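Here's a quick tour of a structure for the bench. Have the viewer open as you read.

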Amino acid sequence: MADIVLDKVTKAFPDGTLAVQEFNLEIADGEFVILVGPSGCGKSTTLNMIAGLEDISSGELRIDGQRVNDKAPRDRDIAMVFQSYALYPNMTVRENMAFPLKLAKLSREEIDRKVDEAAKVLELTALLDRKPANLSGGQRQRVAMGRAIVRSPKAFLMDEPLSNLDAKLRVQMRTVVSRLQKRLGTTTVYVTHDQTEAMTLGDRVVIMRAGAIQQVGEPQELYDHPNNLFVAGFIGSPS
Ligand code: ADP
Ligand code: MG
């Protein structure tokens, strides 16, 4: 598991877009942090910098106290779940979940054990022999999560993992995500533009606007004491 520190992390794209400006945040080991804000406010860019999928223009990213700005994604030991499921259509659920472990050259027994364990947590045991085409959207997203957790990464990053699902399923999947995080206790950064998701899922919520943090706090704290009108309006509190 990992603590993650963003110290004045800034992202300027080559075309001049300042997507994230001096982002400061300390995420504790085992914490579940939500990044929320309107479309284009820099949530995905922030997550991609933590994962190493985007370079950091300035500032420092530390994982477990070590500067990792220049560390390749695969050396960060972080798993990411995207909104698009990107499962391999020709592989069964078991093979999809086993894939990252095969790449890591684990033994057959170890792979089976880890996949069975992850399947149990995500209630996928009965579906292990199915192909993605024969799964519902929610089941597919659970497989995508399973593929992320099998490696027991230091941290999970999730970028709007539920936004492709219909409203009812989204509510059900919130419970799955929340239970998964509690059970594994893995440091998680979860991006959403959905206020309800933000206010119900995480330990702490980071409200972003135009590349900058507006406020960070526990949901109740943000609701009771919004810093400004944007925060109040965004989370729907009465002040
Ligand atoms: P969010 O995930 O909150 O919707 P993003 O992090 O995707 O926001 O984008 C933040 C800002 O950076 C937006 O203005 C977006 O248009 C811009 N942006 C994202 N990717 C690029 C890129 N590769 N080049 C230039 N600008 C980009
Ligand atoms: Mg995004």
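## Two loop residues with positive phi

Glutamate 123 is exposed, because just 12 other C-beta atoms lie within 10 Å and the cut-off for exposed is 12 or fewer. Keep in mind that this is a predicted model. You'll find Glu123 in the loop between α3 (108-121) and α4 (137-149). Its phi is near 55°, a positive value in a residue other than glycine. Most residues other than glycine have a negative phi.

Serine 152 is another one to look at: its phi is near 45°, again positive in a residue that isn't glycine. Ser152 sits in the loop between α4 and β7 (155-159). With 13 C-beta neighbours inside 10 Å, Ser152 counts as partly exposed.

## How α4 packs against α2

Which way do α2 and α4 run relative to each other? Helix α2 (residues 93-103) packs with α4 at an angle of about 30°, and their axes are 7 Å apart. That makes the two helices, α2 and α4, roughly parallel, because angles under 35 degrees count that way. The crossing of α2 and α4 is right-handed.

On the α2 side, the contact is made by Val93, Asn96, Met97, Phe99 and Pro100, while α4 brings in Val143, Gly146 and Arg147. Sort the residues of this α2 and α4 contact by class and you get five nonpolar, two polar and one charged.

## How α4 packs against α5

Now turn to helix α5 (residues 167-184), whose axis comes within 11 Å of that of α4, with the two crossing at roughly 20°. So α4 is roughly parallel to α5. Here α4 passes α5 in a right-handed crossing.

From α4, the residues to pick out are Gly137, Gly138, Gln141, Arg142, Met145 and Ile149; they meet Leu169, Gln172, Met173, Val176, Leu180 and Leu184 of α5. By class, the contact of α4 with α5 has seven nonpolar, four polar and one charged residues.

## Around ligand 1

What surrounds ligand 1? The residues around it are Phe13, Asp15, Thr17, Ala19, Gly37, Ser39, Gly40, Cys41, Gly42, Lys43, Ser44 and Thr45. Helix α1 (residues 43-51) supplies the largest share of this shell, three residues.

As for chemistry, the shell around ligand 1 breaks down into seven polar, three nonpolar and two charged residues.

Conventions. Residues numbered from 1 in each chain as written. Chains lettered and ligands numbered in written order. Predicted model: local features only at pLDDT ≥ 70, side-chain atom pairs only at ≥ 80, totals over all residues. Near = placed C-beta within 6 Å. Helix = DSSP H or I, 4+ residues; strand = E, 2+ residues; numbered from the N terminus. Nonpolar A, V, L, I, M, F, W, Y, C, P; charged D, E, K, R; others polar. Buried ≥ 20, exposed ≤ 12 C-beta atoms within 10 Å, placed from the backbone. Axes fitted to C-alpha atoms, helices over the stretch in contact; angles between N-to-C directions. Parallel < 35°, antiparallel > 145°, perpendicular 65-115°, else oblique. Left-handed = near helix turned anticlockwise from the far one by under 90°. Contact = placed C-beta atoms within 7 Å.
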